[in-house]
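Look over the structure shown here before reading on. The text begins with a single residue, then turns to the ligand, a helix and the whole chain.

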Amino acid sequence: MACLFRRAIAEQVSRIVGLPSETVAQSIRAVPVHRKHESPDFQLFVNSLLDDIHADANFTVQEKAQKLASKLNCDTVISEIGADRGSVTFKVHRDLLIKTVLHKITQDGPRFGLNTDLLSRIPKGKTIVEFSSPNIAKKFHVGHLRSTIIGNYIANLKEAIGNEVIRINYLGDWGLQFGLLGTGFSKFGSEKELRDNPLEHLFNVYVKINEAAEQDENLRSSAMEFLKRLEGGEAQAVSLWTHFRELSIQEYAKIYKRLGIHFEEYSGESFYREKSQHVLQMLRNRGVLKEMENGTGVVDLSEGLSTYKTVVRSDGTSLYITRDVAAAIDRIEKYDFDEMIYVTDKSQQTHFQHLFKILQILGEKHSIRCHHVPFGRVQGMKTRKGDVIFLEDVLDEARTRMLQNMAATSTSKHLEDPARTAEKIGAAALIVQDFKGPLMSDYHFDWDRALQSFGDTGVFLQYTHARLHSLQGLWETKDLTDFNISCLQEPSVISTLQHLLRYDEVILQCLDDYQPRYLVNYLMGLGHLANVAHRALPVKGSTSEVAQARLLFFNNVQMVLANTMKLLGITPVTNM
Ligand code: ARG
């Protein structure tokens, strides 16, 4: 779509400036829609394009733009050429704009805007996204929630542009908490409760045994004892641990499903405990492991990071960092990935710097393909039960609050499954609230603000989507190929289509630093434009020719809206 236009413009320009048309095309941008007046469709910044070869100090950029503009001609694609603040501006023929964009959406469906020239230049391959990664028997805190939704969005984005994506959940499934759990379960545990509600039950047992162990030396040593048995691979201890782990994973998977999230692999720290020994050996072989008198082992990272990193405890047990090195090496061998992205809160930034540095010291070429995407803290996310302990609580809270709002304002009675609808809207509200700002910023979470139906919220997006979807019932016969272009000349249609020309540019921006806010802003823009058009262009009461054209337009906008919401991890509702 935009490709056709960019190519046509680039060809003309390339003849005049003597640069390959692909190079020129890269400097052409769709113009963001202006609220008040009609803007041109594309612009070409002469500065970025011409500076090297046409460096001519006697001309201002505006003069250069005017000069270039004066040499270009309108043709079958371009209908107007101008110069504005250092860029040459282009308008394409309205009929061609309408026809091309709408045809492209119909033809490409969910791939719309994702297979363009601009995006095809990006190298594709195998991407691992590791995210969520909660710790069994401990709180699922807001950091895990953020990791879950951000990681899912990054995975979706990568997949959408044609990568093979492997989603990994790296569970905190090893460590002292399992010693305590092993002891605690025989004291406070119940097999029935474990089966009914594993996450909550293990958490409760863990809290109780922690309290009890503080007072009781015997319990502490029995916990250490259990951990030793576990570390030593003793069958009974391992079987109990496996039982805890398996039931927890089943439960996690169920809850992730409520968010439409899945993982290709549930791995965990436990898996790399033994492999850590191998890492230590590798470090030793490279001569970079310093074994200290007290028995700990450290790696010198002073070149570059000016620090020493402990990789093995004095009792020989592995550490978080060592398990991460082992996990990374394992993934290199298993997947030979092209890139690996870890999503955690920013408190782990140094940890990942150390990890990547150690991989580099070990000579792992893949180290440069590993990235950490950090994010800030959230304050104030509480549920009626108090602090967030389980992911389920957050989802329940969002659903309950949304159900109440719906009961107060709308006719939710006509809905087949109001709770399910409320859940999808509530999740959208959470996601949008979280994705609106820069990822690194801390922010204060506010349920009321997130759940407002106006303004830039997930609820607003869902409303807009449902509103457009409700037009489906008005088709006489649904035909997405036949429509009269002259029925779609209104400004509200044109601005919406202009906005769609920018789709791939926004995706490109997201791929650059993974900030979801570009896509959220873009989607809000689309939602507002769609609402303006919906008010301005009634379908009911129009002649059937006009109705057909408008329905097709709204149908296509709804499709793009839905697909983009899905990229963000939102499940669009069709009724609310
Ligand atoms: N389980 C860890 C935590 O809750 C997060 C794991 C992050 N991933 C990693 N490869 N270290 O803090």
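**From one serine to the whole chain**

Apart from neighbours within four places in sequence, S276 is in contact with S318, T322, R323 and A326. The model in which these contacts appear is a predicted one. S276 itself is found in helix α13, which covers residues 275–285. Is S276 buried or exposed? S276 counts as buried because its relative accessibility is 1%, and the cut-off for buried is under 20%.

The next stop is the ligand. Which residues are found around the ligand? They are E130, S133, N135, H144, Y170, Y320, D324, Y342, T344, Q348 and F352. Three of these residues can be looked at atom by atom. In H144, a polar side-chain atom lies 2.7 Å from an oxygen atom of the ligand. For Y320, a polar side-chain atom is 2.7 Å from a ligand atom, and here that ligand atom is a nitrogen. D324 also has a partner in the ligand: an N or O atom of the D324 side chain is 2.7 Å from a ligand nitrogen. On its own the ligand has 350 Å² of accessible area, and the protein covers 89% of this.

Further along the sequence is helix α22, made up of residues 503–513. Which residues of helix α22 are buried? They are Y503, D504, E505, V506, I507, C510 and L511. A general point about helices helps in reading such a list. An α-helix has 3.6 residues a turn, so residues three or four places apart point the same way. In helix α22, the buried residues include V506 and C510, and also I507 and L511. After helix α22 comes Y514, which has a positive phi, near 65 degrees.

Now step back to the chain as a whole. The chain holds 24 helices and 16 strands. Its C-alpha trace spans about 85 × 65 × 35 Å along the principal axes. There are 576 residues in the chain, and 54% of them count as buried. How much of the contact within the chain is between residues 24 or more positions apart? Among contacts with a separation of 6 or more, such residues account for 71%.

The last topic is surface and charge. About 25500 Å² of the chain is exposed, and 49% of that area is supplied by carbon and sulfur atoms. As for charge, the chain has 67 positive and 70 negative side chains. The centres of these two sets lie 2 Å apart.

Note on methods: Residues numbered from 1 in each chain as written. Predicted model: local features only at pLDDT ≥ 70, side-chain atom pairs only at ≥ 80, totals over all residues. Heavy atoms only, no water. Buried < 20%, exposed > 50% of the residue type's maximum accessible area, 1.4 Å probe, protein only. Helix = DSSP H or I, 4+ residues; strand = E, 2+ residues; numbered from the N terminus. Contact = heavy atoms within 4.5 Å. Areas by Shrake-Rupley, 256 points an atom, 1.4 Å probe, with all protein chains shown as cover. Lys, Arg positive; Asp, Glu negative; His and termini not counted. Charge placed at Lys NZ, Arg CZ, Asp CG, Glu CD. Near = heavy atom within 4 Å. Polar contact = N/O pair within 3.5 Å; in protein donor to acceptor, adjacent residues only side chain to side chain.
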